[in-house]
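Colleague: I have a model open and want to learn how to read it. Can you take me through it feature by feature?

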Amino acid sequence: MRNPRKTIINILVHAFLAVLAFIWLLPIFWIILTSFRKEKGSYVNSFFPKSYTFDNYIKLFTNRNVLNFPQMFANTLIIAVCTCLISTFFVLSVSYCMSRLRFRFRKTYMNMAMILTLFPGFMSMIAVYYILKAIGLSEGSMIRVALILIYSAGSGLGFYIAKGFFDTIPKSIDEAAIIDGATRWQIFTKVTMPLSKPIIIYTVLTSFIGPWVDFIFAKVICRANSKYFTVAIGLWNMLQKEYIHDWYTCFAAGAVCVSIPIAVLFIFMQRYYVEGMAGAVKG
Amino acid sequence: MKKKVLAMFLTGLMTVSALAGCGSKEETKPAAEGATESASEESASEESAQTPADEKITATITVWGPQEDQDDANGNWLKTECEAFAAEHADWDLTFEYGVCSEGDAKTNVATDPTAAADVYMFANDQIPDLLAAGGIAELGGTAVENIKASNSETMVNTVTYDGGVYGVPFTSNTWFMYYDKSVFTEDDVKSLDTMLEKGVVAFPLSNSWYIASFYVGNGCTLFGADGTDEAAGFDFSGDKAVAVTDYLVDLAANPNFRNDADGLGIAGLGDGSVSAIFSGSWDYDAVKEALGDNMGIAAAPTFKVGGTDAQMKAFAGSKAIGVNPNSKNPQVAVALASYLGSADAQKAHLEMRNILPTDSSIDVAGNDLATAVQDVLAKASTVQPLVSTMGQYWTPAQSMGDEIVNGTVTHDNAADKTEAMNTAMNSASVE
């Protein structure tokens with residue numbers, strides 16, 4: 001099997017990929033290094049910090065007077081978890097309906113959804129703000145509810161990928177279930193869902209990351225209510241001219257912390273990334 | 001066919017709703033009319049605030065200020081002062097709600113929805129035209145203005161005056177100056193930039209348009225006429241006086257002892273000794289103190305030699321001020337509170353708690369090196385940052401000039417062309 005030419009090509013390809021991987025990982029490596037840097041300020045003249053410390057993380061979570069990071073973290077977590085649950089349900093339900101049910105408005109609705117999703121969501125943010133204000137969700141603790149609403153309410157529109165996945169599940173399975181006397185809801189929960197783990201995980205991940213990293217809507221809705229700031233606003237504040245010198249390394253620490261829940265969620269979910277389709281239909 | 005018609009219809013629908021989205025922004029404009037209205041109300045109510053027996057009012061007043069002013073570790077200036085204000089007006093039953101909004105952020109947060117913004121808030125003076133356009137700031141009148149004029153220098157009053165009206169109670173100046181290392185430069189050295197460059201490394205934010213103007217203005221270029229209020233006069237960055245400065249800056253950027261201060265290079269350099277002088281403002285005081293310790297010197301920006309004569313660099317000077325929302329339900333309370341927060345006593349407390357320099361001339365700042373330097377800057381090395389709505393056209397062309405000087409695109413050969421191009425860009429309304 002040894003083919004010298006193939007070996008050389010493989011070496012070249014792997015070397016090329018290694019270089020790409022290195023370039024890709026460099027910024028992440030740098031932000032982790034910076035989060036442990038002892039020297040303050042944003043400018044450094046060496047790649048590796050001169051001395052290391054864990055104080056940036058300690059300061060981030062204990063110095064709560066100026067920028068209350070733990071609270072921002074909690075706010076964001078509450079919002080992201082709620083949004084994740086609601087919008088996953090929305091997306092999967094809509095996708096299932098679009099894939100399996102036939103009704104008159106279906107095609108029209110799909111076209112409309114396609115056009116609507118072409119526009120960025122923040123286009124309407126001022127209008128959304130005024131609507132929320134009109135129904136009294138723009139002040140106090142209702143801000144969290146407002147943000148959850150914003151992130152999850154429109155999520156049903158993003159059904160295209162999940163619908164594409166459901167379309168690949170043979171209809172004959174559904175028909176078999178119907179013959180056995182299952183309702184649509186039972187087919188959805190007992191048949192389709194167990195077969196669609198990869199797409200459920202994908203939906204959960206994207207609907208969690210959306211609110212977790214969003215800045216624009218959070219900034220417009222929270223305005224000056226510092227109690228309800230999310231991590232994105234907090235991290236942005238750390239880079240303002242009043243704070244940047246003292247908080248730059250904490251910003252890096254914050255950036256590392258922000259990536260942890262996403263990483264945990266992914267690692268936890270990854271176990272379910274298995275082919276659910278094999279051997280479902282015989283013949 | 002049907003599909004196409006439908007798609008067209010939907011596209012049309014989207015466009016309409018997109019326009020409607022913009023429309024909601026426009027809606028805030030009529031509120032600007034309310035500004036003058038409530039301003040007259042305020043001047044009337046201001047008198048009642050002065051009479052010893054206040055009418056009975058129960059009100060919730062929302063106040064926005066930067067987070068540091070609400071930090072218990074620094075004494076929570078905002079809360080302390082607001083409570084002192086409430087104690088002084090026994091007949092008013094006031095509840096305060098505090099929000100966090102730094103002075104630089106006021107424009108964004110207030111303009112989003114002026115009706116839901118704070119009654120009293122702090123802002124940087126260059127935002128007045130925008131705040132006014134959004135209907136988020138009230139013109140002050142009556143005793144409030146008399147007090148401002150009586151206790152502040154004319155420069156400071158000018159920073160909050162727009163189209164003849166006073167729009168805020170100034171509480172601190174907002175400008176920049178020079179921090180230097182006393183072990184490298186003597187007090188005589190720091191009077192001339194050229195002398196400094198011979199003796200040590202100087203970092204200047206050349207690619208920041210807030211700073212670069214100092215050179216051009218120093219050599220006679222003007223923004224909106226001599227006093228910065230004549231909008232029709234536009235920018236005058238043309239002719240030999242401007243080209244001479246561009247030439248000087250090309251040499252400056254090439255000087256081995258010069259660093260362009262970007263991304264925090266200056267402060268880091270002061271710390272490790274690779275830079276001996278930087279240009280910045282009071283917000284960097286603590287960081288510089290930490291880097292230089294007892295060797296820290298503060299001075300106004302130096303002169304520079306252009307065309308054989310010494311020209312004084314002139315920093316943009318502005319102020320941070322306390323504004324009142326015209327949509328406030330209790331305008332007389334809001335105006336009284338704004339005046340109180342900008343009063344001499346409150347400024348003194350601010351100085352003690354956070355080293356925020358006062359503007360009130362009755363406060364003695366002798367012994368505070370930062371305050372003396374700033375007074376010096378305001379007296380001889382500054383120009384009022386123009387409060388004109390077309391000022392927005394200045395920033396981008398000036399910044400590209402700075403960038404191009406730093407990266408070497410601008411040379412002695414094309415300095416004249418590039419300067420003229422910058423002047424044209426600033427004066428053409430299409431660039432915003």
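Modeller: We start with the whole of one chain and end with single residues and one helix.

Modeller: This is a predicted model, so local features need pLDDT of at least 70 and side-chain atom pairs count only at pLDDT 80 or more, while totals for chains, interfaces and linings use all residues. Residues are numbered from 1 along each chain as its sequence is written, and chains are lettered from A and ligands numbered from 1 in the order in which they are written.

Colleague: How many helices and strands does chain A have?

Modeller: Helices (H or I, at least four residues) and strands (E, at least two) are DSSP runs, numbered from the N terminus. Chain A has 13 helices and zero strands.

Colleague: What radius of gyration does chain A have?

Modeller: The radius is taken over C-alpha atoms, and the globule rule is 2.2 Å times the number of residues to the power 0.38. For a compact globule of 283 residues that gives near 19 Å, but chain A has 24 Å. Along the principal axes, its C-alpha atoms fill a box of roughly 75 × 70 × 30 Å.

Colleague: Where is Arg223(A) found, and is it buried or exposed?

Modeller: Buried means 20 or more other C-beta atoms within 10 Å of a residue's own; exposed means 12 or fewer; partly exposed is in between; C-beta atoms are placed from the backbone. Arg223(A) sits in the loop between helix H11 (216–222) and helix H12 (231–238) of chain A. Arg223(A) is buried, with 25 other C-beta atoms within 10 Å. Of the 283 residues in chain A, 31% are buried.

Colleague: What about phi?

Modeller: Most residues other than glycine have a negative phi. Arg223(A) has a positive value, near 45°. Asp263(B) also has a positive phi, near 55°. Asp263(B) lies in the loop between strand S11 (258–260) and helix H11 (265–272) of chain B. Asp263(B) is exposed, with 12 other C-beta atoms within 10 Å.

Colleague: Which residues of H3(B) are buried?

Modeller: Trp77(B), Leu78(B), Glu81(B), Cys82(B) and Phe85(B). Seen down the helix axis, they fall within an arc of 120°, so they line one face of H3(B). The arc is that of the directions from the axis to the C-beta atoms.

Colleague: What do the buried residues of H3(B) pack against?

Modeller: Contact means C-beta atoms, placed from the backbone, within 7 Å. The partners are strand S1 (57–65), strand S2 (92–100), helix H13 (331–341) and helix H14 (344–354) of chain B.

How values were computed:
Two residues are in contact if their C-beta atoms, placed from the backbone, lie within 7 Å.
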